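Reader: Hi! I have a protein chain open on my screen and would love to talk it through with you. Can we start with the pockets?

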Amino acid sequence: MVPWNKMPKDLQTAIMAMIIAFGGASASCRWEGPVVCDPAPPPSTTPMICDPPPPPATITAPTPTSPPIICDPVPPPPISTPSPTIPGARFQILELVRQVKPKLQGAEVMGTLLDAQGQPLGEVLVIAKSSRMEFQALTDANGAFFMRLGQSGTYRFIVEGDTSEGLKVIVKDHEVITIVLQQIEPESQAPLPLAEVRLVDIVWQDGLTFAAETPWGDARYRWSVSGGTLIEDQGQVTWQPPAEPGRYLLQVVADWGQTGLAVDAAVLIVRPDGSVIFS
């Protein structure tokens, strides 16, 4: 290449003219807007990278709720199972009260069942049985039971487990009978030595009042009668005879527990005129 200072003057003049011409055109055509490419470049496929990356989205699944179980129809309540029988137990009539309701059809019995200590016997079957009919009732937690007897007659009240013939009660139409049945203590049924067998006597007081007499003290007396009502008061009993004439057995048991036992009985005869004979 020829140095600039070695070039002829006319060549230097021509080169300067070309530089000025092209330099002015380049300045006048300067573009300030965005460059548009034709055709457009393809879109970028490079994924955007975040620093730091966002935490992953947490989706809490709803807790499933179990729908309530609906029974249709509603199940019946559980049936209470009666208690087992009372094997070998014996019972007596502790109290019997009669009331008359003229408008009552048949008769009603409101009873209570007690053990030997006077506590109620619950869930025990009581049967009232006559020669033609039989009724049953289950005692509640208080030992109470209720029967509606359709016919009058002589009924025997039998407690579940009692192997005896039952307790005889004469029932009349339109009567409401309140009866208390109590278990006899097992000690009273135990055999005693002959040396400890004792005596007791039924003594007729004024009217229809009876008492028990014995030479041994501290006896526990238990009274019963085959008909009518007995009212106990301070060691004595007053008998309210039934309206029906007949023969009735009055009995007293004197019990000293394991040391002795004595029994006495008397026959009470109700005449048609209502008078009573003691024999």
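Reader: How many nonpolar, polar and charged residues are in the lining of the largest pocket?

Author: Happy to help, and please keep in mind that this is a predicted model. The lining of the largest pocket has 11 nonpolar residues, 8 polar ones and 5 charged ones.

Reader: Which residues lie nearest the centre of that pocket?

Author: Those are F91, Q92, L167, S224 and Q251, out of 24 lining residues. Two or more lining residues come from each of β1, β7, β11, β14 (246-255) and β15 (261-270).

Reader: And how much space lies in the largest pocket?

Author: About 580 Å³.

Reader: OK, closed spaces now. How many cavities of 30 Å³ or more does the structure hold?

Author: There is 1 cavity that meets that limit. The largest cavity has about 110 Å³ of space in it.

Reader: What lines the largest cavity?

Author: The lining is made up of 16 residues, and I93, L96, V225, G228 and L230 lie nearest the centre. By class, the lining has 7 nonpolar, 5 polar and 4 charged residues.

Reader: Which strand gives the largest share of that lining?

Author: That is β1, with 5 residues. At least two lining residues also come from each of β7, β11 (220-225) and β12 (229-233).

Reader: Let's zoom out. How many helices and strands does the protein chain have?

Author: It has 1 helix and 16 strands. Of the 279 residues in the chain, 31% are buried.

Reader: What about the exposed surface of the chain?

Author: The chain exposes about 19100 Å², and carbon and sulfur atoms supply 60% of that area.

Reader: And for contacts between residues at least 6 apart in sequence, what share joins residues at least 24 apart?

Author: For the protein chain, that share is 58%.

Reader: On to the inside. Which residues have the most contacts inside the largest nonpolar core?

Author: M147, F157, I179 and L181 do, in a core of 25 residues. Two or more of the core residues come from each of β1 (91-100), β2 (107-114), β3 (125-129), β4 (134-138), β5 (144-149), β6 (153-159), β7 (167-171) and β8 (175-183). Another core lies apart from this one, with 21 residues that include W239, L250, V252 and L268.

Reader: Can we go back to I179? What is it in contact with, leaving aside neighbours within four places in sequence?

Author: I179 is in contact with I93, E95, L96, V109, M110, G111, T112, F145 and V169. I93 and L96 came up earlier, among the residues nearest the centre of the largest cavity.

Reader: Nice link! Next, I127: buried or exposed?

Author: I127 sits in strand β3 and is buried, because its relative accessible area is 18%, under the 20% cut-off.

Reader: Which residues does I127 touch, not counting those up to four places away in sequence?

Author: I127 touches E134, F135, Q136, M147, R156, F157 and I158. M147 and F157 are among the residues with the most contacts inside the largest nonpolar core. As for Y155, it is 28 residues from I127 in sequence, and their C-alpha atoms are 9.4 Å apart.

Reader: Let me try Q240. Where is it found?

Author: Q240 is in strand β13, which covers residues 236-240. With 42% relative accessibility, Q240 counts as partly exposed. Beyond neighbours within four places in sequence, Q240 is in contact with G228, T229 and I231. The C-alpha atoms of Q240 and L96 are separated by 10.0 Å, although the two residues are 144 apart along the chain.

Reader: One last topic, backbone angles. What is phi of E123?

Author: Phi of E123 is near 60 degrees, which is a positive value in a residue other than glycine. Most residues other than glycine have a negative phi. E123 lies in the loop between β2 and β3 and counts as partly exposed at 25% relative accessibility.

Reader: And D218, what is its phi near?

Author: Phi of D218 is near 60 degrees, a positive value too. D218 is in the loop between β10 (209-213) and β11, and it is exposed, with a relative accessible area of 81%.

Reader: Great, thanks for the tour!

Conventions
Residues are numbered from 1 along each chain as its sequence is written. This is a predicted model: local features need pLDDT of at least 70, side-chain atom pairs count only at pLDDT 80 or more; totals for chains, interfaces and linings use all residues. Side-chain values use heavy atoms; hydrogens and water are left out. A nonpolar core is a set of buried Ala, Val, Leu, Ile, Met, Phe, Trp, Tyr and Cys residues joined through side-chain atoms within 4.5 Å. Buried means under 20% relative accessible area, exposed over 50%, partly exposed in between (1.4 Å probe, protein chains only). Helices (H or I, at least four residues) and strands (E, at least two) are DSSP runs, numbered from the N terminus. Contact means heavy atoms within 4.5 Å. On a 1 Å grid over the protein atoms alone, a cavity is a set of points where a 1.4 Å probe fits but cannot get out, and a pocket is an open set with protein on both sides within 12 Å along at least five of seven lines; lining residues have an atom within 4 Å of a point. Grid points are joined across faces, edges and corners, and a volume is the space filled by probe spheres set on the points. Ala, Val, Leu, Ile, Met, Phe, Trp, Tyr, Cys and Pro count as nonpolar, Asp, Glu, Lys and Arg as charged, and the others, Gly among them, as polar. Accessible areas come from the Shrake-Rupley method with a 1.4 Å probe; for residues, only the protein chains shown count as cover.
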